[in-house]
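Q: Please take a close look at one helix in this model. What holds its start, what does it pack against, and how do other parts of the chain compare as context?

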Amino acid sequence: MRHVRARVESVPGYRTSGRVLRATGMVIEAVGLRVALGNACRIELLSPGGSEPPRFAEAEVVGFNGERLLLMPLTEIAGLMPGARVFPLGDGPDHAARRFPLGESLLGRVVDGNGDPLDGLGPLDGAPRSPLSTPPLNPLKRAPIDEQIDVGIRAINALLSVGRGQRMGLFAGSGVGKSVLLGMMARYTGADVIVVGLIGERGREVQDFIDNILGSEGRRRAVVVAAPADTSPLQRLQGAAYATRLAEGFRDQGKNVLLIMDSLTRYAMAQREIALAIGEPPATKGYPPSVFAKIPSLVERAGNAERGRGSITAFYTVLTEGDDQQDPIADSARAILDGHIVLSRTLAEAGHYPAIDIEASISRVMTHIIDDQQLSMTQAFKRLFSRYQRNRDLISVGAYSPGHDPQLDEAVQRYPQLEHFLQQGMQENASIEASRQVLAETLGVRQ
């Protein structure tokens, strides 16, 4: 009885609540509460006539105007009435009632942006839980990027080498093979754990990515966070933050994590929807300033931890609308990431897979993680490839005649081998050593 009495006495004698004053579009205005920005609330939903018990919908405080709180629900709301009661959910900056499952028990699972299972394999009650927010790492304490990571893609391993802890962007329009390329990385990359965030994509693509692209081999060591396009913009933002938090949790255990975020553009669009709904003025191409502040705060959480601890190697896809590489989101992402891989629609339409535009792509840490011989071969490859591309029209119309430019002659002679080197089958795994060996053979270099 003493234990029961202690629990009863710990329950507060009253519950603080406010009421809904206005609902416009995605934003609900409430009064009568003092809740911090970013905290969660529960909104009471009544059935018509009050014949059924009330239901509750979760919402987050996304802004305030004087005494009015601006709330945005995490799910679609049906049954909201004027004057509906609003209850704060948890106190303090840690969102006491909003903790998300982390850890080893999530491997092989598919969850939504709230951490609830989508795969029907049972609840995650035994998993440790933590809030989404974490203190930023001191940039001077991060371990340097000095080790190459094997991603299984020949063109990337040899010509766009990626370091462990690097953050790369995958820039592509729709339908040029970025999802398949991500799936190959997920299957072949040398990482302990894979965290996949499918943010704002079509619901059909979620199932397709898990079953056909990621496959059973990749899924065993992966966690998939799915927040498809039909979820609320707040849920999409939360899904991206949760995927990053999962990766941070594994990194803190000393593991090397591969984080795949598809896509960073949908994340930015979700923030744009929220910002415009609460009255933030649009700036560049309709994107409010908060969008360009959100992207670095998400991306900077990836990378290496302190020396001797784990790492997060991240790939973020960026949709270039109309294949416009100067799209404001693409431009912002290019500035904050450690390199970018551009996929070309022209190559994709020609059946060239993966459709990586080598001339437009770059890895900013490549010179620090490869030796001088590989750097020399990479430069020679790009020099020959670029020389051929610049003279492609002349060659096509028969205006080229050999003997006048030795470097162009070599480029024309070796171009079939260069093009073949850049192509790779979807079921083919090309290791770092194998990629380097084929590169040397393509250029006629003795190792």
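A: **One helix and its setting**

Asp-371 caps the N-terminal end of helix 11, with a side-chain oxygen 3.3 Å from the backbone nitrogen of Gln-373. A polar contact is a pair of N or O atoms within 3.5 Å; within protein, one must be able to donate a hydrogen and the other to accept it, and residues adjacent in sequence count only if both atoms are side-chain atoms. The model is predicted: local features need pLDDT of at least 70 and side-chain atom pairs pLDDT 80 or more, while totals for chains, interfaces and linings use all residues. Residues are numbered from 1 along each chain as its sequence is written, and side-chain values use heavy atoms, leaving out hydrogens and water.

Helix 11 covers residues 372-390, 19 residues in all, and its first and last C-alpha atoms are 27 Å apart, close to the expected 27 Å at 1.5 Å a residue. The expected span is 1.5 Å times one less than the number of residues. Helices (H or I, at least four residues) and strands (E, at least two) are DSSP runs numbered from the N terminus.

Among the buried residues of helix 11 are Gln-374, Met-377, Ala-380, Leu-384 and Arg-387. Buried means under 20% relative accessible area, exposed over 50%, and partly exposed in between, with a 1.4 Å probe and protein chains only. The buried residues pack against helix 2 (154-159), helix 10 (366-369), helix 12 (392-396), helix 13 and helix 14.

Phe-381 and Phe-385 are also in helix 11, 4 residues and about one helical turn apart. An α-helix has 3.6 residues a turn, so residues three or four places apart point the same way. The two ring centres are 6.3 Å apart and the planes lie at 10 degrees, so the pair is stacked. Rings of Phe, Tyr and Trp (its six-membered ring) pair if their centres lie within 6.5 Å; planes under 30 degrees apart count as stacked, over 60 as edge-to-face and the rest as tilted. Phe-381 has 0% relative accessibility and is buried; Phe-385, at 9%, is buried as well. Both belong to one aromatic cluster with Tyr-388, Tyr-415 and Phe-421.

On the helix 2 side, Asn-157 lies in that helix and is buried, with a relative accessible area of 2%. Beyond residues up to four places away in sequence, Asn-157 touches Gln-374, as well as others including Gln-148, Ile-432 and Ser-435. Contact means heavy atoms within 4.5 Å.

Helix 13 (406-422) and helix 14 (432-443) are joined by a loop that holds Met-426. Met-426 is partly exposed, at 44% relative accessible area. Leaving aside neighbours within four places in sequence, Met-426 is in contact with Val-180, Met-184, Arg-187, Tyr-188 and Tyr-353. The C-alpha atom of Met-426 is separated by 31 Å from that of Gly-249, 177 residues away along the chain.

For context, another part of the chain is built from strands. 6 strands close into a barrel in the order 1-2-5-4-3-6, with antiparallel pairing. Two strands pair if DSSP finds at least two bridges between them. Strand 1 (residues 18-24) is joined to strand 6 (residues 85-89) by 2 bridges; there Arg-19 stands opposite Arg-85. In strand 2, the bridge partner of Arg-19 is Val-31. Strand 1 and strand 2 form a hairpin with 2 residues between them, and Gly-25 in the turn has a positive phi of about 60 degrees.
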